[in-house]
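Student: I have a model open and want to learn how to read its pockets, strands and cores. Where do we begin?

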Amino acid sequence: MKRSLALGLSLTLLAAPVMATEKETLKERQDRLSNQLEQSKKAQVETDAELEVTEAQRDAVSTEIRAVNERLEGLSEQIAVQQVEADAARSELEATRQQLAAQGQYLEGQKALLSERLRVLQIHEDRSYLQVVFESRSFGDFVTRLMTAQTIAEQDRDLIHSYMHEVERLETLETTQRTQLSFVKQKERELVVTKQALDQAATEKHALLSELNEQVELLELERMTRDEEQALMNEQRRIIASQLDAIATAERERAEAAARAEATERAEANQETLTPQAPPAAEPEAVTAPVSMFLRPVSGYVSSRFGPRENPLTGAPESHRGIDIVNATGTPIVSAAPGIVIKAAEATGYGNVVFVSHVVSEQVWTTVYGHLDSITVTAGQSIGAGQTVGTLGNTGWSTGPHLHFELHRGEWAPGQPNAVDPGPYIGY
């Protein structure tokens with residue numbers, strides 16, 4: 001019974017007769033997976049280092065942007081102050097110009113009086129005091145004429161001096177204010193030019209920060225994908241190790257059975273008997289016949305075939321490593337062949353996904369069922385052909401309900417080098 005159980009376990013795991021060549025094949029797969037795992041780990045170390053450098057660059061750019069923004073805020077305040085000062089200078093200049101205009105109007109009104117006074121002054125200055133005396137009708141008239149001429153002369157001189165002084169003062173003030181306004185406007189222009197340069201620098205820094213953020217996201221996605229790859233390869237190694245253990249157990253039990261049979265044969269040969277006894281009939285061994293074909297995992301129509309295409313999400317050219325079969329959400333998805341579930345969880349890009357390892361006609365195959373709405377199996381579970389593994393959905397990087405189905409000749413590996421077109425194998 002023990003031998004039958006062990007043999008049954010090994011056959012379930014391998015789906016083929018336990019043979020030395022199969023053992024060697026499994027060891028080769030194990031070694032290959034170990035090498036791929038080491039390469040993936042090295043690549044992840046490089047990714048982590050690049051991610052650390054990129055994050056440091058991003059932090060430095062963020063710090064620079066904060067400094068630029070602080071300078072921009074300070075410049076904006078200075079420009080606002082300069083604008084206020086410029087407005088005040090313009091107002092003062094305008095007020096001075098209005099004063100000049102008013103003064104000009106006042107002096108223009110006094111121009112006729114001044115001209116008359118100058119004419120009288122000129123007449124008086126052309127005559128001698130004797131003529132003024134002789135023309136006077138009396139001494140009082142003489143005094144009056146003389147005082148009037150002197151008063152007019154003094155008033156005219158004061159008026160002229162006042163006029164010249166006021167005009168000179170206002171013109172000087174206008175010049176000063178015009179210079180001040182020019183200085184303020186020049187300073188405002190310099191601040192605006194500096195702000196424009198900082199705005200340009202800030203725009204460039206923001207563009208660089210956006211680029212670095214994209215690089216960080218891609219590197220984080222790559223690191224996450226590496227983690228998932230390594231987990232999948234570790235699970236495949238675990239299954240191969242269990243298969244090798246089953247083979248070793250079967251070989252050990254066969255060796256023990258052969259030793260027991262040989263000992264029994266020797267004991268029977270030493271016995272003296274007159275009637276030879278026929279050897280006992282060998283116990284028949286139940287051998288599971290290899291599966292010669294794959295089942296279709298779901299019905300529906302193929303929306304995207306294996307090979308080159310444009311990514312439906314990004315529009316970028318890519319190599320589609322499977323086929324997409326469209327059907328309604330919730331449609332059952334079945335295993336294409338007997339095998340062992342090596343992953344049943346969410347994965348980057350795939351959404352909810354199931355990976356199954358098979359041995360078909362002494363060849364190792366791996367099938368992948370992606371974008372599932374739900375998963376009905378667990379990692380490490382042995383399943384039969386046609387057994388439900390989940391339901392059709394729209395999870396992960398998907399544009400609509402469909403099954404993304406992959407077929408790999410051999411184990412699944414990073415970069416999917418073993419992927420083959422599953423269409424001919426499932427009748428599409």
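Tutor: With the chemistry of a pocket wall. This is a predicted model. The lining of the largest pocket divides into twelve nonpolar, 17 polar and eight charged residues.

Student: What is the volume of the largest pocket?

Tutor: About 970 Å³. Its lining has 37 residues, and the closest to the pocket centre are Thr348, Gly349, Tyr350, Trp397 and Gln416.

Student: Which elements give two or more residues to the lining?

Tutor: Helix H5 (139-270) and the strands E1 (301-304), E3 (317-320), E4 (323-326), E6 (339-347) and E11 (402-409). H5 gives the most, with five residues.

Student: E6 is on that list. How do I read its pairing?

Tutor: Look for bridges, then for direction. E6 pairs with strand E7 (residues 351-360) in the antiparallel sense, over seven bridges. One bridge partner pair is Glu346 in E6 and Asn352 in E7.

Student: What do E6 and E7 form, and how many residues lie between them?

Tutor: A hairpin, with three residues in between. Check the turn: Gly349 has a positive phi of about 85°. Gly349 is also among the residues closest to the centre of the largest pocket.

Student: Which strand do two bridges join to E6?

Tutor: Strand E9 (residues 382-383), and the two run antiparallel. Gly339 has Ile383 as its bridge partner there.

Student: Now strand E10 (residues 388-392). Is it mostly covered or mostly open?

Tutor: Mostly covered. Four of its five residues are buried, each with under 20% relative accessible area. Strand E5 (residues 332-334) runs antiparallel to E10, joined by three bridges. Val334 is partnered there by Thr388. Strand E8 (residues 363-375) is also antiparallel to E10, again with three bridges. Ser374 is partnered by Thr391.

Student: Why look for nonpolar side chains as a group?

Tutor: Because in soluble globular proteins they tend to be buried together. Here the largest nonpolar core has 24 residues. Phe294, Ile333, Val354, Tyr369, Val389, Leu403 and Phe405 have the most contacts inside it. E4, E7, E8, E10 and E11 each supply at least two residues of this core.

Student: Take Val389. Which residues does it contact beyond its neighbours within four places in sequence?

Tutor: Among them are Ile333, Val354 and Tyr369, along with Leu372, Ile375, Val377 and Ile383. Polar names appear too, including Ser335, Ser374 and Thr376.

Student: What does the second core include?

Tutor: It is separate and has ten residues, including Ile342, Ala347, Phe355 and Val368.

How values were computed:
Residues numbered from 1 in each chain as written. Predicted model: local features only at pLDDT ≥ 70, side-chain atom pairs only at ≥ 80, totals over all residues. Heavy atoms only, no water. Buried < 20%, exposed > 50% of the residue type's maximum accessible area, 1.4 Å probe, protein only. Pairing = 2+ DSSP bridges. 1 Å grid on protein atoms, 1.4 Å probe; cavity = no way out; pocket = protein on both sides within 12 Å on 5 of 7 lines; lining within 4 Å. Points joined across faces, edges and corners; volume = space filled by probe spheres on them. Core = buried A, V, L, I, M, F, W, Y, C linked by side-chain atoms within 4.5 Å. Contact = heavy atoms within 4.5 Å.
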